[in-house]
Amino acid sequence: MLRFNTLMTLSAALLLSFAAAHATVRTETGLTESKVGVSETYRLNVPTEKEIPTTAVRLVVPAGVTITRFQVLPGFTRSVVKNADGLITEVTWRGRVAPQEYARFFFQARNPAQPGEVAWKVYQTYADGSVVAWDDTNPEQTPASKTTVK
């Protein structure tokens, strides 16, 4: 029985570490929900999951979300794409995140005016040019991070 419990504990820890390793967007305090129409500080957490460095991270801003400012992250440059109304639709950070490291990008945004689920699409580029699309194209392998706006 002891060996079974140990195996179950190790299995659960492995699954939790795998589930937590993906690119995720949470509130500054780590929540997956926020309120309608409020200004919120979000954090995009991106670990390098390969044996080569991450060199770029692109975030597609969900419809209804308005990014207002960014926290400076030394060692990274940031570029944005804006629509005809001047709203930020994409953000790309370029820098280096070595294997077994992660980067955390903070930004402030105003939540949508209507309740619902916000899906954050993140594209992680590695030094070899490969891209991992955390955008739900394969929800079990590369899920998009989601925030519930209430």
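The following exchange concerns the strands, the sheet and the nonpolar core of a predicted model.

Biologist: What is the strand order of the open sheet of four strands?

Modeller: Strand 3 (residues 39-47) pairs with strand 8 (residues 102-110) in the antiparallel sense over nine bridges. Strand 8 also pairs with strand 5 (residues 66-70), again antiparallel, over four bridges. With strand 1 included, the open sheet has antiparallel pairing and the order 1-3-8-5.

Biologist: Which are its edge strands?

Modeller: The order of the open sheet is 1-3-8-5. An edge strand pairs on one side only, and that holds for strand 1 (24-27) and strand 5.

Biologist: What does the twist average from one strand to the next?

Modeller: The sheet in question is the open one of four strands with antiparallel pairing. From one strand to the next, its twist averages 35°.

Biologist: Which residue in strand 8 stands opposite Y42?

Modeller: Y42 has its partner in strand 8, and F70 also stands opposite a residue of strand 8, namely F107. I67 faces A109 in strand 8 instead. The residue opposite Y42 is F107.

Biologist: Which residues of the largest nonpolar core touch the most other members?

Modeller: This core has 27 residues. Strands 3, 4 (54-60), 5, 7 (88-97), 8, 9 (116-126) and 10 (131-134) each supply at least two of its residues. Those that touch the most other members are L44, L59, I67, W93, F105, F107 and W120.

Biologist: Which residues is W120 in contact with, leaving aside its neighbours within four places in sequence?

Modeller: W120 belongs to the core residues that touch the most other members, a group that also includes L59 and F107. Both L59 and F107 are in contact with W120. The full set is V25, Y42, L59, P62, V65, F107, W134, A144, S145, K146 and T147.

Biologist: Is V149 buried or exposed?

Modeller: V149 lies in strand 11 (residues 145-149). Not counting residues up to four places away in sequence, V149 touches S34, K35, V36, N111, P112, Q114, P115, G116 and V118. Its relative accessible area is 3%, and the cut-off is under 20%, so V149 is buried.

Biologist: What distance separates the C-alpha atoms of V149 and E33?

Modeller: V149 and E33 are 116 residues apart along the chain. Among the residues that V149 touches are S34, K35 and V36. The C-alpha atoms of V149 and E33 are separated by 5.7 Å.

Conventions: Residues are numbered from 1 along each chain as its sequence is written. This is a predicted model: local features need pLDDT of at least 70, side-chain atom pairs count only at pLDDT 80 or more; totals for chains, interfaces and linings use all residues. Side-chain values use heavy atoms; hydrogens and water are left out. Two strands pair if DSSP finds at least two bridges between them. Buried means under 20% relative accessible area, exposed over 50%, partly exposed in between (1.4 Å probe, protein chains only). Contact means heavy atoms within 4.5 Å. Axes are lines fitted to C-alpha atoms, for helices over the stretch in contact, and angles run from 0 to 180 degrees between N-to-C directions. A nonpolar core is a set of buried Ala, Val, Leu, Ile, Met, Phe, Trp, Tyr and Cys residues joined through side-chain atoms within 4.5 Å.
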